[in-house]
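Trainee: I would like a close look at a single part of this structure. Please take one strand and follow what lies around it.

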Amino acid sequence: MAQRNNSKSNPEGRRSFVKNAALFTGSALFIPSALAARVHLDGDDSIKVALVGCGGRGTGAAAQALSTAQNVKLVAMADAFRDRIDSSLKYLLSGDAGSGEVDISSRIDVQEEHKFTGFDAYKKAIALADVVILTTPPGFRPIHFEEAVRQGKHIFMEKPVATDAPGVRRVLAAAEEAKRKKLNVVVGLQRHYEAKYMKWVEMIHAGAIGDILSGRVYWNSEGVWVKKRADLERDAGRQLTEMEYQMRNWYYFNWLCGDHICEQHIHNLDVANWVKNGHPVKAQGMGGRQVRIGPDYGEIFDHHFVEFKYEDGSRIYSQCRHQPGTVVAVTEGFQGSNGSAPRPGHLLSRGGSEIYKHNGSGDPNPYQVEHDMLFEAVAKGDFRFADAENGAIATMTAIMGRMATYSGKEVDWNTALNSELNLQPEAYTWDTLPKVLPGEDGLYPCAIPGVTQAW
Ligand SMILES: NC(=O)c1ccc[n+]([C@@H]2O[C@H](COP(=O)([O-])OP(=O)(O)OC[C@H]3O[C@@H](n4cnc5c(N)ncnc54)[C@H](O)[C@@H]3O)[C@@H](O)[C@H]2O)c1
């Protein structure tokens, strides 16, 4: 049975535009574009790249950009902290970065005056580039994306694309402007560029297992890094301002990270939306912090469970956990009316016989594919990628899940998306106090279900 189109109402509404956004994501548009005027430094016609956010992922993304078949050059780097620029550049020049097929060090030309630090660094780096890589913590993504679009640049930006609903709305508005300007935008929800997922979802959409009735999506793990204040202050040889500390230990503060339901689990929630061809209309759930408690762990939960209801009444059950010693499971699966999709790349008939099984060994690395496709489009002057709307909707889905677990109440999509709860500080300076501060015991306040107003 062919999968029913689950967009039942209001074809002009947000759901239909989300559907269109999903169609753009990771797929080829092939609209020739008058390419945004390229930056020519000293007559050099290479595609200039600026890296904004020179940490782990940004350094990896820069290596992938420099490993494509196009004539690419890294010309500018921006980070809040100078040491992150230095360590990123050192690694990129070391010979260890990249696929090994291209000598990426020969494609790096970052002059001292093109290394920018501080909160305004992004503006100066973006100005020097044709393509910008936006890989700071996600709290800054809305302002960085807006600026890159304003300056008419092609963009690779990591997920999530915001940490609160006002940020999501800024990204949605800038995404429209990017399309109008025919700027290619790729978002690092790399499953859209991964062969195993692409064919699997295509077959589900073609009706291989019927209507999708339910699903389960997990990011259950033992947790991530933590930067302890005492260690940071010992290394710095001085006390840090609260802003510096939160910026260094960003994972544990919602204005920067969005909680791990947003920062990591977004990948699985995005797959659910992709399979369902839309976003949830309601969410309710539970969560808390049980083992990761203490002054080093900011305000985020260590587990969330959310039931997301979609417009056709189907439900997706979502789990994410950061607790050492527990089961690790990062996966998605769906039940159809005529079969099942037990895991990515695998489809079974209702009787349990195999319809499709993808052996992913030898598949190209999706992190590299994202950049190969983006830079090919830029080199040819094509407009092929408009991932920002889908990235914003996936981000909003995760934020809606956080609203549900923090409040312990049911929240609907429009309420969540229109929320005015702005997590960002009043100003971005090293002396500004972020909105969430530690108590006298050093502990940060954490959401209390039933009490916390989460939207
Ligand atoms: N797609 C994936 O699989 C994947 C994997 C890892 C990380 N990510 C995403 O990449 C982003 C970065 O994660 P990471 O692991 O590289 O973190 P990181 O801490 O290693 O790097 C972030 C960098 O941004 C810098 N930064 C912070 N605020 C800044 C600002 N206002 N201006 C300029 N620089 C600023 C930090 O100093 C740091 O160097 C996150 O959004 C994360 O979710 C995606």
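Mentor: What follows is a walk around strand β2 and the elements connected with it. Keep in mind that this is a predicted model.

Strand β2 covers residues 47-52. How many of its residues are buried? The count is 6 of its 6 residues, so the strand is mostly covered by the definition that a residue is buried if 20 or more other C-beta atoms lie within 10 Å of its own. In a regular strand the side chains alternate between the two faces of the sheet. In β2, I47, V49 and L51 lie on one side, while K48, A50 and V52 lie on the other. Both of these faces are covered.

Now look at the neighbours. β2 pairs with β3 in the parallel sense, over 6 bridges. β2 also pairs with β5 in the parallel sense, over 4 bridges. A50 is a useful residue to find, with a bridge partner in each neighbour: A76 in β3 and V132 in β5. L51 has I133 as its bridge partner in β5.

The connection from β2 to β3 comes next. Together with α2, these two strands make a right-handed β-α-β unit. Helix α2 takes in residues 56-66, and β3 takes in residues 72-79.

Strand β5, residues 131-134, can be read in the way β2 was. V131 and I133 are buried on one side, and V132 and L134 are buried on the other. β5 pairs in the parallel sense with β6 (residues 154-157), again with 4 bridges. Within that pairing, L134 stands opposite M157 of β6. From β5 the chain crosses through helix α5 (residues 141-150) to β6, and this β-α-β crossover is right-handed.

Finally, the ligand brings some of these elements back. Which elements each supply at least two residues of the shell around the ligand? They are α2, β3 and α4, the last being residues 121-127. Of these, α2 gives the most, with 3 residues. In total, 26 residues surround the ligand, and the closest are G53, G55, R57, R84 and E158. By type, the shell divides into 12 nonpolar, 8 polar and 6 charged residues.

To trace this yourself, begin at A50 and go to A76 on β3. Then return to A50 and go to V132 on β5.

Key:
Residues numbered from 1 in each chain as written. Predicted model: local features only at pLDDT ≥ 70, side-chain atom pairs only at ≥ 80, totals over all residues. Near = placed C-beta within 6 Å. Nonpolar A, V, L, I, M, F, W, Y, C, P; charged D, E, K, R; others polar. Buried ≥ 20, exposed ≤ 12 C-beta atoms within 10 Å, placed from the backbone. Pairing = 2+ DSSP bridges. Right-handed = clockwise from strand over helix to strand, strands pointing away.
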